[in-house]
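Hi there,

Here is the structure I promised to pass along. Have a look at it first, and then read on for what turned up.

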Amino acid sequence: MAIDLGELFEHDPVTVARELLGRDLVRVFGSRRDVRGKITEVKAWGEHPTRELQFTEYPSGVISVSQYGKNFMIDIGVNGGAGCVTLVNAFFPDFGRSVGSAGRLAKALEIDTAFTGYDLFQRVSLEGGLDATLRIEGSPYGGTILEKGWSRAPVNWQGTFYFKP
């Protein structure tokens with residue numbers, strides 16, 4: 001049974017990552033057409049409490065956007081700020097394909113650092129003034145979910161990727 005979105009981000013990063021798979025990520029532009037993508041890959045950070053990982057601590061359900069190459073990366077705080085998940089990939093029916101990376105996902109949704117501090121539930125920026133809406137809707141995937149870790153990654157990059165085959 002799927003975890004209610006209102007409670008989802010209070011869970012550990014692995015649970016949140018697995019529960020986000022298959023849900024819709026919706027960027028609302030107001031006068032323009034909404035952009036909607038089905039989440040297909042998420043990375044969980046902080047799932048191993050013995051490791052000292054470095055990530056921005058934001059409250060559960062609050063977004064942190066950081067520079068990722070020429071684009072940006074979308075992280076969401078979980079478990080009261082004790083971990084986070086990174087949105088890595090989504091399938092966009094309007095594009096007819098997956099975007100393929102965290103940076104291209106942020107670009108497709110037109111998300112940049114102005115979204116840092118955006119609360120997915122209050123739909124307002126913690127820093128105020130951001131006129132934008134981002135929602136997560138729908139139900140998670142049922143069935144098989146694959147996972148892959150990076151054993152050669154530096155400690156501060158270690159986490160687990162969860163994706164739908």
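Accessible areas here come from the Shrake-Rupley method with a 1.4 Å probe. Computed that way, the protein exposes about 8500 Å², and carbon and sulfur atoms supply 48% of that area. Please keep in mind throughout that this is a predicted model.

First, the overall layout. The protein has three helices and nine strands, and reading along the sequence gives the pattern α-α-β-β-β-β-β-β-α-β-β-β. Of its 165 residues, 50% are buried. Among the contacts with a separation of 6 or more, 57% are between residues 24 or more positions apart.

One such long-range neighbourhood is easy to find in your viewer. Lys43 lies in strand S2, and its C-alpha atom is 6.8 Å from that of Val88, although the two residues are 45 apart along the chain. Lys43 has a relative accessible area of 5%, under the 20% cut-off, so this lysine counts as buried.

Now to the charged side chains, which I thought you would enjoy. In general, side chains of opposite charge can pair when their charged atoms come close. How many salt bridges does the count come to? The count comes to five.

Let me start with Glu19, which sits in helix H2 (residues 13-20). The side chain of Glu19 meets that of Arg23 in a salt bridge, with 3.2 Å from N to O. Are these two partners buried or exposed? Glu19 is buried because its relative accessibility is 14%, which is under 20%. Arg23 is buried as well, with a relative accessible area of 3%. Glu19 also has a backbone partner: its side chain reaches the backbone nitrogen of Ile3 at 3.0 Å.

The next residue to select is Asp24, in strand S1. Asp24 forms a salt bridge with Arg36, and the closest N and O atoms of the pair are 3.3 Å apart. This pair links distant parts of the chain, with Asp24 in strand S1 (residues 24-28) and Arg36 in strand S2 (residues 35-45), 12 residues apart. The two side chains are also joined by a polar contact of 3.3 Å.

How do the two ends of that bridge compare with the burial cut-offs? Asp24 has a relative accessibility of 16%, under the 20% limit, and therefore counts as buried. Arg36 comes out at 34%, between the 20% and 50% limits, so it counts as partly exposed.

Salt bridges that share partners join Asp24, Arg36, Lys38, Arg135 and Glu137 into one network. Within this group, the side chains of Arg135 and Glu137 meet in a salt bridge at 2.7 Å, N to O. Glu137 is partly exposed, with a relative accessible area of 24%.

Which residues does Asp24 touch, leaving out those up to four places away in sequence? They are Arg36, Gly37, Lys38, Arg135, Ile136 and Glu137. If you want one view to begin with, I would centre it on Asp24, which is buried at 16% relative accessible area and belongs to the network with Arg36, Lys38, Arg135 and Glu137.

Have fun exploring, and write back whenever you like.

Best wishes

Note on methods:
Residues are numbered from 1 along each chain as its sequence is written. This is a predicted model: local features need pLDDT of at least 70, side-chain atom pairs count only at pLDDT 80 or more; totals for chains, interfaces and linings use all residues. Side-chain values use heavy atoms; hydrogens and water are left out. A salt bridge is a side-chain nitrogen of Lys or Arg within 4 Å of a carboxyl oxygen of Asp or Glu. Buried means under 20% relative accessible area, exposed over 50%, partly exposed in between (1.4 Å probe, protein chains only). Helices (H or I, at least four residues) and strands (E, at least two) are DSSP runs, numbered from the N terminus. A polar contact is a pair of N or O atoms within 3.5 Å; within protein, one must be able to donate a hydrogen and the other to accept it, and residues adjacent in sequence count only if both atoms are side-chain atoms. Contact means heavy atoms within 4.5 Å.
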